[in-house]
Structure formats: structure tokens, C-alpha cells
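Work through the exercises below with the sequence and the structure side by side. Try each task before reading its solution.

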Amino acid sequence: MLRRLLVAVALLFAAAVPTAPTAQAEPGVLLEQQPTTVFVGPFPAPVRAWHLRYRSTSATGAPNAVSGTLLVPPTPWLRGGPRPLITYAVGTHGLGDQCAPSNLLAHGIENESALLAQALTQGWAVVVTDYEGLGTPGTHTYAVGQSEGRAVLDAARAASRVTGAGLSPSGPVGVFGYSQGGQAAAWAAELQETYAPSLNVVGVTAGGVPADLNAVFASNDGGAAFGLVLGAATGFAAAYPDVPFASILNDRGREAVARVSQACTVELGAAAPFAHLQDFVTVPDPIHEPHWQARLASNYLGTTAPKAPVYLYHGTLDELIPFSVGTGLRDRWKALGAKVTWQEFPLLEHIAGVSIGGPAAMSWLGTKF
């Protein structure tokens, strides 16, 4: 009894004290941990959980602090070797801090809980990043893969440092994501060998990936979910101060951006149905301005072969991320020599793509542990 009490006191002390200032810490260093409770609907989930704050890196290479949540099954891992860890990248949640996965998990309203549960029931730990600026100071750098991929990798490094979680820095790591999360997972796959070479990444699953943002913009400009385009433009402007955005907005644009900056998924997608970017700005064709094109090019996937094997999947009727964008990434990676398992889902649109493809992708990861 006394030993358990001393351990509990030590954990509380570790949770209360940041381990290092952000600017001086290395990427992946755990800055703070705090025990928390996550819910499935009104009921506490039967897991051990910590809210984390950890050091990561922005799209321009600056140190930043990102938050997230670590979930660990309560039962010991008895299958040999360290417990596997999934670093989980959520799909579009929005730009307002209230939309952060950590907040939704704490209130039992996280819409990807079923996939998290699939991993946890296998005995795997799961760390869910909130991404840059979502739940932490600043604007969420929505759709900026360079930032998202680093946040996903650093979440795994930080999780292995959580006192009491029982995770090993050398344990097997799987990366999972769909839609925005697919972009984040794919960028984690491309960045891992140079940015986080010590991570033992054994497999990456990425679905509905917006690999070519120029093509995604062209498909959604004037579409039903055009609000996502405004969200992405807001995220890019937050990540890259050199891209002209706030300075070229008209009155309608300023009002719309103010709304999407605080919106969660549904409100974001429905913020400006069937509108065009040109309706919100004072200059013609802003997306092809040189600064914008340079930054979009730096977030174009398929120029580096992932070191780990990848399971890539896409619905053939995806109305948000064209199917051709998914096959293009597949072809570029394969041409570079990457180990890619490709799965297309006939007649599935975007949301159905994760409903059907997500469980299959999670099962594929299990074959790599």
C-alpha cells in the first residue's frame, strides 16, 4: 500500500513539472504530462490516459509545443517485446481549440473513437496528436503536411517518455491517419528517416490523402464543402507568414475567415457552400501567386520514398479528395521504390472510405507488430 502511494505521488510530481523549456528541448521531448480521463459517451473509457504537451517543429523549422493524449490499455502486454504504439492522426476536426481531439476525448464526443478502440482492444497503446495550434496557442496549421507529419512523429517520441505508461523508445510504432490524418501520416512516412530516425516505425496506413493540394483545390473550388478550402488557406497563412492572405481578403473574406477560424468539422465544411476563392479576395487567381505555389509545392507528397511499408487506400468516388490524387501518390511512391500496399474501395465516397477502409487499415498495421 505504501509503495503504491509513493508511486502515485511520484507520478503526480512528474505530471505537474514541465521537463524542459520548449525552445531548448529536442524534438519529441515531453514537456508536460497530466493524468486525465477519457470518455466514450457518458462513460469513462477503461484505459489509462495522459494529456501531453511535447516539443515539435513547425513547417518552417521553428520549435513549437504541441498537445495530445496518450491512451494505454490497463492490462499488461504479455505477447513478448515492448507494447506496440499507434501514433494516430485524426481527420479534419476544425480550427477552433474546442475541436482538439484531446478536448473531444475528455468529453466523450470524439468521432474516431471506434478506430481508437480497435487498436486499444488489441493491447496497443495509442497517442493522438492535436496538431500544431489546435489546443495550444496560435492558429491551427490546417492542411500543412510539413507541420502535421512532425507532430505525429514527435507524439510517438513523447509518448515513450511518459512516466508510468510503460512504453519503450525502441518499441514498434505504427502510424494511422485518414483525410487530414492521411496527409499527416503520409508526411510522417516521408519525414521519418531524416526527422525521427530513432523511431521504430514498422508500418504506416494513410487513406484519402490530399497529396496534391493544387489538385484538391481545383476539385473543391465551387464545391459543396468549399469551407474546407478557406480553412486550408487559413492554415497555410498561419504556417507561412510570407504567403499573402489576410492582406488580400475583402469584407466577405474577412468575415468568413473569422468564422472558419473558430469552426469545427461540420461548421467548417458548410461555411461557404458552392463559393469560389475568388469571391473572398481582392486579387485575381491568388492560388497561383508565386509564394503560394512555393509553399504548396513544399507540401506536395510523393518526392521521398517512405522507409517503412505503407498501406495506402482511397474510395473511387471520393468527392473531396479526387481518386486520381490517391493513385498519383501511389505511383510516385512506387516509382521511388517504396513498399506500398494499395487498396481501392469501389463506389465509396470520402466518409465511407474511412468507415470501410479504416478498420482494414488498422488490421493491416497489426500484421506489422
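**Exercise 1.** Find how strand 4 and strand 5 run relative to each other, and how many bridges join them.

Solution. This is a predicted model, so the answer is read from predicted coordinates.
- Step 1: locate strand 4 at residues 48-57 and strand 5 at residues 63-72.
- Step 2: the two strands run antiparallel, joined by 10 bridges. One pair to check is Arg 53 with its bridge partner Ser 67 in strand 5.
- Step 3: the hairpin has 5 residues between the strands, and there Gly 61 takes a positive phi near 90 degrees.

**Exercise 2.** Is strand 5 largely enclosed or open?

Solution.
- Step 1: strand 5 also runs antiparallel to strand 7 (residues 125-129), with 4 bridges. Thr 69 stands opposite Val 128 of strand 7.
- Step 2: buried means under 20% relative accessible area. Of the 10 residues of strand 5, 8 are buried, so the rest of the structure largely encloses this strand.

**Exercise 3.** Which residues of helix 11 are buried, and what covers them?

Solution.
- Step 1: helix 11 covers residues 323-335 and has 13 residues. From first C-alpha to last, helix 11 reaches 19 Å, close to the expected 18 Å.
- Step 2: the buried residues are Val 325, Gly 326, Thr 327, Gly 328, Leu 329, Arg 330, Arg 332 and Trp 333.
- Step 3: their cover includes helix 5, helix 6, strand 10 and strand 11.
- Step 4: just after helix 11, Gly 337 has a positive phi of about 95 degrees.

Conventions
Residues are numbered from 1 along each chain as its sequence is written. This is a predicted model: local features need pLDDT of at least 70, side-chain atom pairs count only at pLDDT 80 or more; totals for chains, interfaces and linings use all residues. Side-chain values use heavy atoms; hydrogens and water are left out. The expected span of a helix is 1.5 Å times one less than its number of residues. Buried means under 20% relative accessible area, exposed over 50%, partly exposed in between (1.4 Å probe, protein chains only). Contact means heavy atoms within 4.5 Å. Two strands pair if DSSP finds at least two bridges between them.
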